[in-house]
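Student: Got a minute to go through this one with me? I'd like to work it out piece by piece.

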Amino acid sequence: MTTSRRTASTAHIDEGDTKRRERLAAVGLRITANRLAVLRLVEKAPVAVSHADLEAVLPQGFDRVTLYRTLDSFVEARLLSATVGADRVRRFSLLSGDPAGHHDHLHFHCDDCGRVFCLPAKPPRTPSVPQGFQVEGADLYVHGHCADCTLAHR
Ligand SMILES: [Zn+2]
Ligand SMILES: [Zn+2]
């Protein structure tokens, strides 16, 4: 009998997927195969990705509407940040760190790769508004060239 023999195949659990499951659970999203697949692709992308970019690399038959809904749910849960570039295309970038904590600091948007980075800086106070106005939120972001892109363009 060879039952005591350990084979390499016993260590076949995808470490990344375990992390992704935790990530989805942490923001209160139900774990589905589709969500895992989309998250996996966004994580692997070296730059911010658009719907079209993802559609091109998702397996055949992956529903377009599902992709839109999945991305929207990620943005809502603050797993991803969505930005609109100069070309008016919406692109998605992974937000790392505490998923609940992205309200209390500023973000840096790279004009080259489209990625969004958390900054260790507090957002400014919301200015006062005229009577009768209701503030729902204020978005200020810093933009420019990230460290990777600055190096690449030197
Ligand atoms: Zn960049
Ligand atoms: Zn953040």
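Student: Which residue in strand 3 is the bridge partner of V84?

Tutor: Keep in mind that this is a predicted model. Strand 2 covers 80-84, and strand 3 covers residues 90-94. The two pair in the antiparallel sense over 5 bridges. In strand 3, the partner bridged to V84 is R90.

Student: And what is the strand order in that open sheet of 3 strands?

Tutor: Start from the edges: strand 1 (49-50) and strand 2 (80-84) each pair on one side only. Strand 1 is joined to strand 3 by 2 bridges, and that pair runs antiparallel. Strand 2 also pairs with strand 3. The order is therefore 1-3-2, since strands pair if there are at least two bridges between them.

Student: Which residue of strand 3 stands opposite V49?

Tutor: Look at strand 3 from both sides. A82 stands opposite F92. V49 stands opposite a residue of strand 3 too, and that residue is F92.

Student: Which residue takes a positive phi in the hairpin of strand 2 and strand 3?

Tutor: That hairpin has 5 residues between the strands. The one you want lies in the loop between strand 2 and strand 3, and it counts as exposed because it has 6 C-beta neighbours inside 10 Å. Its phi is near 70°, a positive value in a residue other than glycine. The residue is R88.

Student: Where else should I look for a positive phi, say just after helix 4?

Tutor: Go to the loop between helix 4 and strand 2. The residue there has phi near 65°, and it isn't a glycine. It is partly exposed, because 16 other C-beta atoms lie within 10 Å. The residue following helix 4 with that phi is R78.

Student: How far apart are the end C-alpha atoms of helix 4?

Tutor: Helix 4 has 13 residues, and at 1.5 Å a residue they should span 18 Å. The distance in the model agrees with that expectation: 18 Å.

Student: Which residues of helix 4 are buried?

Tutor: A residue needs 20 or more other C-beta atoms within 10 Å of its own to be buried. In helix 4, the ones that make it pack against helix 2, strand 2 and strand 3. The buried residues of helix 4 are T70, L71 and F74.

Student: Why do they end up on the same side of helix 4?

Tutor: As a rule, an α-helix has 3.6 residues a turn, so residues three or four places apart point the same way. Turned away from the buried side of helix 4 is a face with the exposed residues V65, D72 and E76. The buried residues are T70, L71 and F74. They sit on the same side of helix 4 because the arc they cover around the axis is only 95°.

Student: How many residues does the largest nonpolar core have?

Tutor: Helix 2 (33-44) and helix 4 (64-76) each supply at least two of its residues. Its members include V38, L39, L71 and F74, along with V49, L80 and F92. L80 touches, among others, L71, F74 and F92, leaving aside residues up to four places away in sequence. The size of the largest nonpolar core is 12 residues.

Student: Is A52 buried or exposed?

Tutor: A52 lies in helix 3 (residues 51-57). Its C-alpha atom is 9.5 Å from that of R91, which is 39 residues away along the chain. With 9 C-beta neighbours inside 10 Å, A52 counts as exposed.

Student: What share of the contacts with a separation of 6 or more comes from residues 24 or more positions apart?

Tutor: First, the layout: the protein chain has 5 helices and 6 strands. Of its 154 residues, 16% count as buried. For contacts with a separation of 6 or more, the share from residues 24 or more positions apart is 46%.

Student: Last one: over which residues does pLDDT stay under 50?

Tutor: The mean pLDDT of the protein chain is 84, with 88% of residues at 70 or more. Where pLDDT is low, the predicted coordinates should not be read in detail. The stretch you're asking about has 0 contacts beyond four places in sequence, and it is residues 1-12.

Notes
Residues numbered from 1 in each chain as written. Chains lettered and ligands numbered in written order. Predicted model: local features only at pLDDT ≥ 70, side-chain atom pairs only at ≥ 80, totals over all residues. Helix = DSSP H or I, 4+ residues; strand = E, 2+ residues; numbered from the N terminus. pLDDT = per-residue confidence, 0-100. Contact = placed C-beta atoms within 7 Å. Core = buried A, V, L, I, M, F, W, Y, C linked by C-beta atoms within 7 Å. Expected span 1.5 Å × (residues − 1). Arc of directions from axis to C-beta.
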